[in-house]
Amino acid sequence: MSADGTIHARGIRKSFGPKLVLKDVDLDIASGEICCIIGPSGSGKSTLLRCVNGLETVDSGVLKVNGEDLGYYETETAFHALSKKEIAEQRTRIGMVFQQFNLFPNMTSRENIMAGPVLVKGADRKESAKRAQELLASVGLAGFGDYYPAQLSGGQQQRVAIARSLAMDPEIMLFDEPTSALDPEKVGEVLAVMKDLAKKGMTMVVVTHEMGFAREVSDSLLFMDEGVVVERGDARAVLADPKELRTKAFLDKVL
Amino acid sequence: MLKFLGHRRQTTSGKDPALKPRLRRRSAFEYIAWIVCCLLALGILLSVSTNPNFRWGVVARYFTHETIIRGLMLTIFLTVASMVLGTLLGLLLAIMRSSRIKPIAATAGVYITLFRGTPVLVQLIFWFNIAALYPNLTLGIPFTDIGIAIDVNALIAPITAALIGLTLNEAAYMAEIIRGGFSSVGKGQIEAADSLGMSGAMKMRKVIIPQAMPSIIPATGNQVIGMFKETSLVSVLGVAELLQSAQLIYARTYETIPLLIVASLWYLVMTLLLSYPQSKLEQKYSRTSSRIPRKAKGIVLTAPEGIAR
């Protein structure tokens, strides 16, 4: 069976200086699974997501994404870091959507979407432009190809950012609080795009505060607090009937 | 004056109060400042124009003198050459300085400290006299006899020393300007580039440098203006740039002051000429307007905000 689109983590530890932010975290995500990670700020949920993309390196533990050890290769005695080129290659298979969109302000929406395929994969410009047009249409921004990020609203920018990640044809999409920086009225348009994506069978890991999205779309739910996975299970089951006291206390406050 | 101190009289004319202009309040200090500054300007102007020692006739005669113009051309050449070379070397140093590899970053750091920490005049004289330190320059393969030896004294002509000195010094300053530009690019931009799998050079070319430009370009314009005047220092090496050309003439004619005025006027003219494009550049790349790239500013927004799906 192909391991594409899967994430497997065992005993991940990560510290920033003396502060341990991930304490033996386990994570198993099947291909096509939609997993929401919730928890209070500072619980390590964003860090976990950033580790899965290689933006942070884990201190110890096993982390396999798409069936490969992320950023390292394993020998008898240790994990050895891969070359930058190999890491970049692995990253092209993982899409990342940031809270602050992080579109390149010096490029139009279309150029942003084409940047990955053309600059990194060396794809044909014309075909990439056509693909970019399709992707823009799929996020509801068909006429916005020539707009620069600064000319778009937050919700529009985030949808372009999603299209930019999708242009690389990743097996996994990671969302780091994708709607937290948006005006409340723009949240819906971004969630709609994400729901579309979920229906197409993309593996998605979403760090979010949108409990409605978690309930409606998510397969599994992970509740983290202080660097530990407190509870995990079926999304609707956890939201309706949390087993842990800590989860219950958190949900009572946010729901 | 008393009118201000006494109580204010209200008069009712037929004029509609809503149309009356609102006048600025002027303090007594403002009037005094006007009077003093005008008197001062008048005094200086009078003294400059009536003092025969200024010899304005001589100034006019030499202003477009062949020697002076040749010196001016050399000054312009030195400015352009040392700015271009200094910026390129500065870019290299800035990239080295931001390297994750410690010895490379440290090398750039030491270079910048040395060249910014010593006077440029001293550096110029140093390069001029480098032959005293290394009389022979050998190009060849280390630890073998193969290679050619060059006499450093012949190689370092005054103008070479001037160019090397100005370039190496400018590179240190440009490195800091460029590095400042790099660090103005948000961390999120680099993470976004990383998540797309961009290589280091690609990130630099497509993401970091284009976004750093708005802060680098106006500062570089300032450096050009500074460099134009800085070139006068190389007159100590006997390079016949603008100041040295003036000195060469007054050494012969003893018309020191008029010739210094000639040189100063040229520096002033060139600086004013340069500061116009500089202020345009600054406006163009100012923080608020540079959010949208230049070529996009013509685009008119007509599409509705956020078409809902």
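I take pLDDT as the predictor's confidence in each residue, on a scale from 0 to 100. The model I am examining is predicted, and I began with its confidence values.

**Entry 1. Confidence in chain A**

I looked up the mean pLDDT of chain A and found 92, with 100% of its residues at 70 or more. Within chain A, I noted the lowest confidence in helix 6, at a mean of 89, and the highest in strand 9 (residues 172–176), at 95.

**Entry 2. Confidence in chain B and in the complex**

For chain B I recorded a mean pLDDT of 86, with 89% of its residues reaching 70 or more. Helix 1 (residues 2–5) of chain B is where I found confidence lowest, at a mean of 52, whereas helix 5 (residues 102–117) of chain B has the highest, at 96. I also marked residues 301–309 of chain B, where pLDDT stays under 50. For that stretch the model has 25 contacts beyond four places in sequence. I bear in mind that predicted coordinates should not be read in detail where pLDDT is low. For the complex, I copied down an ipTM of 0.88 and a pTM of 0.78 from the predictor.

**Entry 3. Fold of chain A**

I listed nine helices and twelve strands in chain A. Its radius of gyration is 18 Å, close to the 18 Å that the globule rule gives for 255 residues, so I regard chain A as being as compact as a globular protein of that length. Along the principal axes, I found that the C-alpha atoms of chain A fill a box of roughly 50 × 50 × 40 Å.

**Entry 4. Salt bridges**

I noted 25 salt bridges over all chains. One I inspected within chain A pairs Glu171(A) with Arg93(A), and their closest N and O atoms are 2.9 Å apart. I placed Glu171(A) in the loop between helix 5 and strand 9 of chain A, and Arg93(A) in the loop between helix 2 and strand 8, so this pair ties together parts that are 78 residues apart in sequence.

**Entry 5. Contact between the chains**

I then turned to the contact, which takes 39 residues from chain A and 31 residues from chain B. The two chains bury about 2900 Å² between them, and 59% of this is on carbon and sulfur atoms. I recorded two salt bridges between chain A and chain B. In one, Arg50(A) pairs with Glu191(B), with the closest N and O atoms 2.5 Å apart. I also noted four residue pairs in polar contact between the chains, both residues being at pLDDT 80 or more.

**Entry 6. The side of chain A that touches chain B**

I asked which elements of chain A each supply at least two residues to this side. They are helix 2 (84–91), strand 8 (94–97), helix 3 (109–120), helix 5 (154–166) and helix 6 (184–199). Helix 6 of chain A gives the largest share, five residues. By residue type, I noted that this side divides into 20 nonpolar, ten polar and nine charged residues.

Methods: Residues are numbered from 1 along each chain as its sequence is written. Chains are lettered from A and ligands numbered from 1 in the order in which they are written. This is a predicted model: local features need pLDDT of at least 70, side-chain atom pairs count only at pLDDT 80 or more; totals for chains, interfaces and linings use all residues. Side-chain values use heavy atoms; hydrogens and water are left out. Contact means heavy atoms within 4.5 Å. Buried area is the accessible area (1.4 Å probe) that two parts lose on being put together, summed over both. A salt bridge is a side-chain nitrogen of Lys or Arg within 4 Å of a carboxyl oxygen of Asp or Glu. A polar contact is a pair of N or O atoms within 3.5 Å; within protein, one must be able to donate a hydrogen and the other to accept it, and residues adjacent in sequence count only if both atoms are side-chain atoms. Helices (H or I, at least four residues) and strands (E, at least two) are DSSP runs, numbered from the N terminus. Ala, Val, Leu, Ile, Met, Phe, Trp, Tyr, Cys and Pro count as nonpolar, Asp, Glu, Lys and Arg as charged, and the others, Gly among them, as polar. The radius of gyration is taken over C-alpha atoms; the globule rule is 2.2 Å times the number of residues to the power 0.38.
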